[in-house]
Amino acid sequence: VQLQASGGGLVQAGGSLRLSCAASGRTFSSYAMGWFRQAPGKEREFVAVISWSGGSTYYADSVKGRFTISRDNAKNTVYLQMNSLKPEDTAVYYCAAAYRISSWPRDYDYWGQGTQVTVSS
């Protein structure tokens, strides 16, 4: 599976962005899909994950209620809708694919290249 993340940019605090992650390959619907982020000087951290069917989603406490993960298996795409953005959300955001739902980066087998999100105060 090859993953291509897009949709990042510069936004003011309180604004919104929607990230997309397009996957190649016919087995996209077999994978749980996650979003992670990494700020400068920090470790990569879990943001959200969605099951292969879209029926289950989990979020980091820091984004719960503000971010929404979704997927469209017909389009081989997973999304991350980010609302009420804060300066501390600034990071490179990565999408990733795993065979099971997990919040641990080590459980993910495929990674996209990342897209920069910058939130100004």
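Here is a walk through strand β4, its partner strands and the nonpolar core around it. This is a predicted model, where local features need pLDDT of at least 70, side-chain atom pairs count only at pLDDT 80 or more, and totals for chains, interfaces and linings use all residues. Residues are numbered from 1 along each chain as its sequence is written, and side-chain values use heavy atoms, with hydrogens and water left out.

Let's start with β4, residues 32-38 (strands are DSSP E runs of at least two residues, numbered from the N terminus). Of its 7 residues, 6 are buried (under 20% relative accessible area with a 1.4 Å probe, protein chains only).

On to its partners (two strands pair if DSSP finds at least two bridges between them). β4 runs antiparallel to β9, residues 91-98, with 7 bridges joining them; Ala 32 has Ala 98 as its bridge partner there. β4 is also antiparallel to β5, residues 45-50, through 5 bridges, and here Phe 36 is matched with Phe 46. The β4-β5 hairpin has 6 residues between the strands, and Gly 41 takes a positive phi near 80°.

Now for the core (buried Ala, Val, Leu, Ile, Met, Phe, Trp, Tyr and Cys residues joined through side-chain atoms within 4.5 Å). The largest one has 36 residues, and Met 33, Trp 35, Leu 80, Met 82 and Tyr 93 touch the most other members. Strands supplying at least two residues each include β4, β5 and β9, and β9 gives the most, with 6. As for Leu 80, its contacts (heavy atoms within 4.5 Å), not counting residues up to four places away in sequence, include Trp 35, Val 47 and Tyr 93.

Key
Buried means under 20% relative accessible area, exposed over 50%, partly exposed in between (1.4 Å probe, protein chains only). Helices (H or I, at least four residues) and strands (E, at least two) are DSSP runs, numbered from the N terminus.
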